[in-house]
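Hi there,

Here is the structure I promised to pass on. My notes follow below it.

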Amino acid sequence: MGMMYTSTRDNSVRMTSAEAIVQGISKEGGLCVPMEIPKISLEFIRDLGELSYAKRAEAIFSLYLTDYTKAELEHCTKAAYESEAFPEGQVCELAHLVEGTYMLELWHGPTCAFKDMALQILPHLMVTAADKAGMGEEELVILVATSGDTGKAALEGFKDVPHTKIMVFYPADGVSPMQQKQMVTQAGENVVVCGVKGNFDQVQSTVKKIFTDKAVGARLEEAGKVFSSANSINWGRLAPQIVYYISSYAQLVADGEMTLGEQINVVVPTGNFGNILAAYMAKEMGLPIKKLICASNANNVLTDFLRTGVYDKNREFFTTLSPSMDILISSNLERLVYWLCDGDDKTVKALFQSLSDEGKYQVPVEVMRRLKDDFYGGFCSDEKALETIGQVYKTYSYTSDPHTAVALGVYQDYKKETGDNTKTLVVSTASPYKFSRAVLEGLGVEMSGQADEFDLVDTLAQSSGYDIPESLSNLKGMEVRFNTVISEDEMESFVMKELGL
Ligand SMILES: *Cc1c(COP(=O)(O)O)cnc(C)c1O
């Protein structure tokens, strides 16, 4: 019997991993979770050290995606991690900051942010899953609402993938200049990008409405099409994120930096709680992780939750220099709460009902105790993030983007507070070049307000020590393919027209 999946809000639900990946979310609104977390031994981890990244991914997926054949997993992992999307042998990189502190750089993929780690493989997992479900001739239509990084990463992942079409909607005034350039110049025959007048929440809620509209769904079905979703609660995005934690530990052991079994801390700049949840799963599988350090920006709803057990989204929303973490509802937290409640679906359902009714919930005392064992929560203001960018550069000659700087800032506080000197992995989630203006400000380089994105990138190149990623420098001469901006209430007819319906 292979691994089956259930729902955080209804334990009677059963799905295979392929079904969980195609559906994205369970029918009654819960999230798909594996019915148990498989265990790995230290020997398993050590042996991974001998393998390529794609092979490490295949070995870990074979524990979770048991309804995929070995050949299918091999195909998916190779297509994602041994393609030209990542520099050869460099799917992720470990940079040494200082003795015992390692930066896990997850932004060497095509869009320069960590979303590529999952969105390069998700299309392959999804198309394979659709084939298995006998949907081979149907077209999967991926609808995405993005505040920046996810849209571009999904476009790169799904471009020209047979039997798929991807449509990305972004708030016309709500993404960074570089993020917008990345999207409107997107190549591919099956891609559509469209700006929407409104903020991210409005774009997202309209996409959800179209996604679940019965009449729209029926018209798609008649035409042999079906909606699917690439957002961060899809199990097919979470599973690939477990891989790099186990992989980097195996690498540190292989490199002689750590002894097998030695504990490590992990610091993760967090928004939707996907990345850090994957680290928690790696720990539950048996990776020797000591503390999971959850770093937030001024939108510190998670810091408060980890300290008090009360999740309360009724608070001011701040637009910060780390926009991919500007979020007040961390959707993936539902999976953690489910596991910490020992799979009590009734409790989870009640808590998240309370979140949607009142904007808050409080977890039971026992859950709180277990949270405190595994997690430390902290937050870092924009001011401190800028200071950290400058200070880390001065001390270690290391340039960090504003999201990574939040992680570094919180890690400093953690060490000061606890005196814990355990070796530590700090997750670096974006290339500094994606947020050049803020990084230059942190480095103390004066720039005029008029300077265009590529001037900023060139200036940053003089101090950062990194080559400018070609995927960003190439944007400069690229033609804009998508300049449509519509209003929210035009989105549905736009989707239908693009689908020829
Ligand atoms: C998405 C994102 C994050 C937050 O990751 P979650 O999985 O949502 O917690 C952090 N940094 C960057 C650069 C991102 O794009």
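How many disulfides does a search of the whole structure find? Zero, taking a disulfide as a pair of cysteine sulfur atoms within 2.5 Å. C112 is in no disulfide, as its nearest cysteine sulfur, that of C92, is 15 Å away. C341 has no partner either, because its sulfur is 18 Å from the closest cysteine sulfur, in C294, which is too far for a bond. Both residues are buried (under 20% relative accessible area; exposed is over 50%, partly exposed in between; 1.4 Å probe, protein chains only): C112 has 2% and C341 has 13%.

Before the rings, a word on the basis: this is a predicted model, where local features need pLDDT of at least 70 and side-chain atom pairs count only at pLDDT 80 or more, while totals for chains, interfaces and linings use all residues. Residues are numbered from 1 along each chain as its sequence is written, and side-chain values use heavy atoms, leaving out hydrogens and water.

There are 18 aromatic pairs (Phe, Tyr or Trp rings, the six-membered one for Trp, with centres within 6.5 Å; stacked under 30 degrees between planes, edge-to-face over 60, the rest tilted). One of them joins Y81 and F86, tilted at 50° with 5.8 Å centre to centre. Y81 is buried at 6%, and F86 at 3%.

F273 and F375 are also tilted, because their planes meet at 35°, with the centres 6.0 Å apart. F273 is buried at 1% and F375 at 5%. Ring pairs link F273, Y280, W339 and F375 into a cluster.

Best wishes
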